[in-house]
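Open the model in your viewer and keep the selection panel handy. We will go from one selection to the next.

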Amino acid sequence: MAPGGLVLAAEEFTVREEPYYLPLGDEIELFEAAFEQRIPVLLKGPTGCGKTRFVEYMSWRLGRPMTHISQGGEAPLDDEGPRPFVTVACHEDLTASDLVGRYLLDTDGTRWIDGPLTRAVKTGAICYLDEVVEARKDTTVLIHPLTDYRRLLPIEKLGQVVEAADGFLLVISYNPGYQSALKDLKHSTRQRFISVEFTYPTREQEAEIISHESGVDLAVSIELAKLGEKVRNLKEHGLSEGVSTRLLIYAGRLIERGIEPRRAAQVGVTWALTDDLEVQRSIEEVVTSIFE
Amino acid sequence: MSVAGGLIARNRSRFDGFPEPLLESYEGSLRALEPRLTPTQLEAWSQGGLDLMAISLRSWESAAEYFKAGPQLAESTPWDTYEQLAREASDLTEQSAPLAVSFLRSAPATLTHIGPNHLAQWADFGRRLYKGNWKSSSLAAQFYDSGPDLFGTIRVSHAGRLVLFLDELARHSYELAAACLTSAPEVLGRLEGGDRMPFLTFGVELAQTSWADSRLYFDRGVPLIQRVHGPVRERYLTLAAQVARDHSRSVFQYFEDAAHALGEVEPDDHGPVIELAEQLAPHSAYAAMDFISNAPEVLEKVRIDELAAWQNHGLGILASSKEGGEAYFRLQSSRGEEILDTLSARVELSKVGDVLRLYAKALTGTNISIHASAVLTEKGIGWVDEERASTEGTTIYLPEVMERYRNKEENFASVKVFTTHQAAHLEFDSFSFGFDRPSTLFDDLRPTIPESADSNPATEIERFFDLFPDRTLASDLHEIAEDARIDAAIKRNYAGIRRALTRMQREELGRRPEVSELPLRQAFVENLVRVSLDGVDAVRWPAAQQDAMSNGVAVLQRLGEEGATVEDAAEATLRLYQLAMSVKNEREEGDEEWDSLPDMDQESLQLDMSDLGGEGASMEMGEPQEGDVEYESPQDIDFRGDFKPELVQLLMKLRDDAELGDAGQISPDQLTEEQLKELLEKSAEIDLDTLLEGDLQNTTGMFLSNLLKEAGTPTLDSDAQSDQPLSDLSTGAEEGEEPLAPIVTTYYYDEWDFRAQDYKPRWCAVKEAALEEGEDDFYEDTLKEYAALVAQTRKQFELMKPELFRKIKKLSDGEDVELDPAIEWMIDIRTGVSPSDKIYWRRNKVDRDVAIAFLLDMSASTDEEIARRDQQYDDSDDDPRKYLSWWVTKRRQELAAPPKRIIDLEKEATVLLITALETIGDDYGIYGFSGYGRDNVEFYVLKDFDEQFGETTKKRIDKVTPIRSTRMGPAIRHAIHKLSETDAKVRILVLLSDGRPQDHGYGRDRTEKEYAIHDTKQALNEAKREGITPFALTVDRAGHDYLKTMCEDMGYEVVGDIESLPRRLPALYRSLTE
């Protein structure tokens, strides 16, 4: 874990340690190829299946000194140092100026400060807009010129247009499951991205992830993964979203800390997932079936 | 001359003027008594009679009876008695001669029963009944007359109580008393001695409190009493008497109900039940009786020793609130039900079904339903046992109630084991057997066995079973093998229920029949069952034939390995079958020792296994040999339930075919009827005889059509329709068919009992149906009539339409700096004043997300006409011509435009509101309610939430008419249910009524207001709790008083001027949602 207390400007943050990531398919190759071609990427998948971790991992991976030459025979990618990585969690009140920047009042007048997107564009960072559909429609339109051949960010209030630095890549994530029908991604937006779908890992893979991330032994983590698989069967039948790998890892960590498995699963899975008593009870029964 | 002769001669003259027979009886009497009495006594006796004659005009009649009675007395009767009789006779005669006649007439016979000592008492009883009028005299006379009969059965002390009873009754009705007295000897005679006194005691209480029931009690009481266990009858009656003393209402009803109820309880349990009731009686006699009356129902859920705990809870409630406690014991309280549930050890499928459904879904990943086994057996498709768990591929069937253990957790655990086993059949693919799919653990023998050429199996598993000459044995072995595999898989995958499963396996092992008494082949199978239950140590087998058994066990145990498939179970079945056939099915004659299997080392077993597999090429399936006892299947194992792979595969196939058929395709290997019939005849899973009665041909046909119905295929025997195009069949409706009756859906809701401070569980039935459709005239007319208002309303509501982005100013953070405050900010800075930092603005997205349910009172009172504020006729001006002309004008007006009723205004208001709502686009539902009684709360849908406004709605408004009562609570609760199904952020419930809630049984009686108002208030509170804003609107001018109680802190309004309602309602709505 990174040492605490370090304060960085948004564009200075880099992923310096290799994050743990277990590839589930060809997503790494896809992302690398997209990055080389500067094609924006849309990551689709349920909550907690590892989208953010994947982007972090890719940011670290792409920030490594590149040894291979890309197909076109061009020079190695631009930088030697780690690649800046800007994450913006989108919420329903996120406005365009939250992304681009705004005037702040100063003793002598106003002062402009760049928003995270502007900074990423200027420094050539990987900019990750998490849960992009949550944001207002006007923000999603804002990224349009950035995501086609133009790679431009117009800053209306300054009357400027910023050209994206070479390393800039926009990655957005989107969870088709739980958003209401109203909050679908507009087609004009979604057709600017290649789309990589994430699903839950298989039982064995998930067990490996849980075991690695939480430190519990594989036998326990396979049980946790089994629980995850069973609970996900309940999706759309009382549960709007299946249990995330993240939650299973939390449960694993609790077990690792000496909490009884049934109890850990209860607080980490059952209660975390739903408030519906009936569904809770059902999950509880699955838990008590799996754990002794 | 004898003493008698002397007396007669002396007294003859005194009989002058009396009828001749009197003298005759006098003479007869004296002569008969002469031998018994001394001369002095005889004279005294004679004098007694003579004195009687002198008492009054008619007293000679009693004297005549006196003379007759004397000789009839038993010879041993002491002189005292004669004297006493004379005294009593004289005394009675003084009161009423006919009374004395009756007394004397039955005295001799009565005395034989009661003995001389009780004569005075008996006479007293009669006197007590005599009140000096002729009715009482005849009752008393009847009492004396019935003396012999009565005392033939009862003792004097009983009679005392009976007289008390009669006396009490007589105060109300002599006829009733007489009738009871007539039947008394017979009624009391049917009772056992010890029961009579309490029976009468209760009777007395009954007579005092509700005398009219006494006749019923006398007529029906005895069989009722006899339902109560003998030793406690007296206590029961004492208790009932206590109830009667404390209360006066429907005492007999309580008595009858309780006695009936006790009849349903085990006699041995009567004692404890009555004892518990006795503890309740000091607090509330009603509670005590209700406790007994409901005992059978309660005892269905709890055991007798848990009853005390339930009663104790109730006692606590009773002590703090009498009403609450009484509701508790009436089983009309949610608290009572909860406690009952907690105490009850049994697990009801109806309560846990939903949890299990999700549980099974989680395990299997498919949509599983959970139903009671009875549902499956009713379908008549091959399953016959209502108590056993099973599955047919899409649904898991479980027994309705589980009460095997003494506590709830264990019972639930066993239901869970049942469910898990069935779910595991689906999870681990028991039904997806493929004949040609290779197994993973064995060398496949299936391809090596010659298949019969003429068989045409419908399913894969049928094809497999076709390999075996003895299908029953094969089926049993396959079930054992498959269940062994499933149980092992469960134990491996679900550590959590391992313990419960192991426990059930152990219990099953304990229930197995003695193996050494079985014929050898059956013993072999039985041993395999034991092994499958993890009971290798329970295997007993003749040591001499150890090989077959050891091999069998080894084969079976392999199925416990990880990765074993249903095909492995099939391969194991083949091997086990051969091994089973290698032993004869006969009883072991010799004294050979049956031993447990020696410890086997794995290697030798593996070797045996491969030997077995090796011979595969020349595999021959054995057939039952001559001399064998007929094979019988092993005893069932409870937690595994019924396993019928053939039927399940068949159903699955039929379903697939049906789906293909629906899609307009015909499955390439569509099943033929012959195939089906063949399967049914062959299969060991179906016992047609037990399935349905009737001849085989019929049965098979019925069975087939049941199967097809279940699978969703059109029945094969519908040949007549087969030339019609398929689409016609699917629409179902024929032309010219009667319109269907509206579909009524019933919902149950609790009702709040403010006295008990508790809910009455599932008290009201709300019947929801779409309202009939009329014409849309009303709707259009209203729009015309209120054209101006409509336009105005529309405009107002259009203005309300939310702007998608509304600019909010003066924020400390926002999208951008706002100019004016920014300038002020600069000025402040420059002038050295502390500036305000609220200089930003932002657009706020406002989504209007409102759902409103509108409840319309359709009670009969809305039929009332509205008093028009037309010029009233002025009474002071009494010119008849003016009156006439006023009246004529009024009539004319009324004919032209009939006076509006409250309901009409309600409807008009609704129409206007709809216009408004359609303009603004809010989600809304409009409902009407009425009904009568708690079982029949009618709830009419004018427009449901998910329904589009259209012609139907318009036409339905026309049909809104006053119907019956106003039970608001359940209607509100149902509207809450409707609202909570919408996912709007703001939810509003508007209740429009014309008066206070009122219904039959909505309170103690029709005049009681509190109950209904409290229930309505509680319902409105529930709405608030659900996050719904309730609003009550009434056109009842007297509404303030009850609305204040009903809507304490909620919005309400009394529309004083009724006619302004159509205008008021949309305005109100605006203010509610803006």
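Select the contact between the two chains: 32 residues of chain A meet 35 residues of chain B. Keep in mind that this model is predicted. The area buried between chain A and chain B is about 2,900 Å². Carbon and sulfur atoms give 52% of that area. Now pick Leu105(A), Arg136(A) and Ser289(A). These three supply 21% of the area that chain A buries against chain B, more than any other three residues.

Next, show the charged pairs. Three salt bridges link chain A and chain B. For one salt bridge, zoom in on Glu427(B) and Lys230(A), where the closest N and O atoms are 2.4 Å apart. Polar contacts between the chains come to 17 residue pairs, both residues at pLDDT 80 or more.

Which elements of chain A should you colour on the side that touches chain B? Take β3 (101–106), α8 (218–232) and α11 (277–290), as each supplies at least two residues of that side. The largest share comes from α11(A), with nine residues. By type, the side of chain A that touches chain B has 15 charged, nine polar and eight nonpolar residues.

Now show chain B alone. Its secondary structure comprises 46 helices and 18 strands. Of its 1074 residues, 53% are buried. The accessible surface of chain B is about 48,900 Å², and 47% of this belongs to carbon and sulfur atoms.

Last stop: helix α7 of chain B, residues 119–129. Its buried residues include Trp122(B), Phe125(B) and Arg127(B). To see what covers the buried residues of α7(B), add α5 (79–95), α6 (97–114) and α8 (134–145) of chain B, which are among the covering elements.

Definitions and conventions: Residues numbered from 1 in each chain as written. Chains lettered and ligands numbered in written order. Predicted model: local features only at pLDDT ≥ 70, side-chain atom pairs only at ≥ 80, totals over all residues. Heavy atoms only, no water. Helix = DSSP H or I, 4+ residues; strand = E, 2+ residues; numbered from the N terminus. Buried < 20%, exposed > 50% of the residue type's maximum accessible area, 1.4 Å probe, protein only. Areas by Shrake-Rupley, 256 points an atom, 1.4 Å probe, with all protein chains shown as cover. Contact = heavy atoms within 4.5 Å. Buried area = accessible area lost by both parts, 1.4 Å probe. Salt bridge = Lys/Arg side-chain N within 4 Å of Asp/Glu carboxyl O. Polar contact = N/O pair within 3.5 Å; in protein donor to acceptor, adjacent residues only side chain to side chain. Nonpolar A, V, L, I, M, F, W, Y, C, P; charged D, E, K, R; others polar.
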